[in-house]
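Hello,

Here is the structure I promised to pass on. Have a look at it first, then read my notes below.

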Amino acid sequence: IWEAAGGYAPTLGILGAVMGLIHVMENLSDPSKLGSGIAVAFVATIYGVGFANLVFLPMSKKLMAHVANAISQREMLVDGLVGIANGDNPRIIESRMQGYMA
């Protein structure tokens, strides 16, 4: 979800910029409103790109790292328990467990 949000956020920022520029085009006859409309367009783009690169994508990467770590720990646990259940030599089980630490 967070990775997808990181992909879509810049697009939403660009859509906001386009909407802001459309609003600017509607007010071409009143130069006092042009500056605020252009500013809104740029802010929308900055929000989209900023949230993607500063919030959504880093959060996605951190969650993926946590999930990968949890999977590795569970694989290690299952491997050790299967070795115990099979009656493997404890030294062999120990060497297999050390393989997970590398």
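Please keep in mind that this is a predicted model.

Start with Ile22. This residue sits in helix α1. Its relative accessibility is 44%, so Ile22 counts as partly exposed, between the 20% limit for buried and the 50% limit for exposed. Now find Ile38, which lies 16 residues away from Ile22 along the chain. The C-alpha atoms of these two residues are 9.7 Å apart.

Next comes helix α2, which covers residues 34-86. Does its length make sense? At 1.5 Å a residue, its 53 residues should span 78 Å. The C-alpha atoms at its ends are 76 Å apart, so the two values agree. The helix does bend, by about 40 degrees, at Ala52.

Which residues of α2 are buried? They are Gly37, Ala41, Ala44, Gly48, Ala52, Phe56, Ser60, Gly80 and Gly83. Ala52, where α2 bends, is therefore on the buried list too. Look at the spacing in that list. An α-helix has 3.6 residues a turn, so residues three or four places apart point the same way. The buried residues of α2 pack against two other helices, α1 (2-26) and α3 (90-101).

Leu63 is also in α2. Its relative accessible area is 41%, so Leu63 is partly exposed. Leu63 and Thr11 are 52 residues apart in sequence. From C-alpha to C-alpha, they are 23 Å apart in space.

Last, check what follows α2. That residue is Gly87. Its phi is positive, near 80 degrees.

Best wishes

Definitions and conventions. Residues numbered from 1 in each chain as written. Predicted model: local features only at pLDDT ≥ 70, side-chain atom pairs only at ≥ 80, totals over all residues. Heavy atoms only, no water. Helix = DSSP H or I, 4+ residues; strand = E, 2+ residues; numbered from the N terminus. Expected span 1.5 Å × (residues − 1). Bend = angle between axes of the 7 residues up to and from the residue. Buried < 20%, exposed > 50% of the residue type's maximum accessible area, 1.4 Å probe, protein only. Contact = heavy atoms within 4.5 Å.
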